[in-house]
Amino acid sequence: MGSAPDRTNQTLAAYMAEADLTPRTLAREINRLFGAGTLAETAPYHWRDAGGIPARRCRR
């Protein structure tokens with residue numbers, strides 16, 4: 001049985017390293033720009049480590 005594919009987002013990881021940002025720092029900066037609560041502080045970990053993508057939510 002083969003190993004699971006690597007889903008790490010290497011591009012995002014490289015840009016974050018270049019900008020000297022941790023996932024939490026990235027989330028805090030996004031929230032600072034777009035408003036508190038826009039993004040969970042753990043979301044960038046999912047994007048970077050599991051290849052997730054930002055979810056688009058409708059606000060009423």
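Asp-49 is partly exposed in this predicted model, because its relative accessibility comes to 39%. Its partner in a salt bridge is Arg-48, with the closest N and O atoms 2.6 Å apart. Arg-48 also counts as partly exposed, at 21% relative accessibility; since buried means under 20%, the residue falls outside the buried class.

The helix around this pair repays a closer look. Helix H3 covers residues 43–50, and its buried residues are Ala-43, Pro-44 and Trp-47. Seen down the axis of H3, these buried residues fall within an arc of 100 degrees, so they line one face of the helix. The cover over them includes helix H1 (10–18) and helix H2 (23–34). Just after H3, Gly-51 adopts a positive phi of about 70 degrees.

Salt bridges are a recurring theme here, and the structure holds 4 of them. One joins the side chains of Arg-24 and Glu-41, at 3.4 Å from N to O. This pair links distant parts of the chain: Arg-24 sits in helix H2, while Glu-41 belongs to the loop between H2 and H3, 17 residues apart. Both partners are partly exposed, with a relative accessibility of 33% for Arg-24 and 29% for Glu-41. The pairing also extends to a third residue, as Arg-24, Arg-28 and Glu-41 are linked in a network of salt bridges.

A further salt bridge lies within helix H2, where Arg-32 pairs with Glu-29. The closest N and O atoms of these two residues are 2.9 Å apart. Arg-32 and Glu-29 are separated by about one helical turn, because they stand 3 residues apart in H2. Their surroundings can be told apart by accessibility: Arg-32 counts as exposed, at 57%, whereas Glu-29 is partly exposed, with a relative accessible area of 33%.

Helix H2 also contains Asn-31. With a relative accessibility of 14%, Asn-31 counts as buried. Leaving aside neighbours within four places in sequence, Asn-31 is in contact with Ala-36, Gly-37, Thr-38 and Leu-39.

Turning to the chain as a whole, there are 3 helices and 0 strands, and the pattern read along the sequence is α-α-α. Buried residues account for 18% of the 60 residues. Among contacts between residues at least 6 apart in sequence, 31% join residues at least 24 apart. The accessible surface amounts to about 5100 Å², and carbon and sulfur atoms contribute 54% of that area.

As for the confidence of the prediction, the chain averages a pLDDT of 88, and 87% of the residues score at least 70. By helix, the mean is lowest in H3, at 94, and highest in H2, at 96. Where pLDDT is low, the predicted coordinates should not be read in detail.

Notes:
Residues numbered from 1 in each chain as written. Predicted model: local features only at pLDDT ≥ 70, side-chain atom pairs only at ≥ 80, totals over all residues. Heavy atoms only, no water. Buried < 20%, exposed > 50% of the residue type's maximum accessible area, 1.4 Å probe, protein only. Helix = DSSP H or I, 4+ residues; strand = E, 2+ residues; numbered from the N terminus. Arc of directions from axis to C-beta. Contact = heavy atoms within 4.5 Å. pLDDT = per-residue confidence, 0-100. Areas by Shrake-Rupley, 256 points an atom, 1.4 Å probe, with all protein chains shown as cover.
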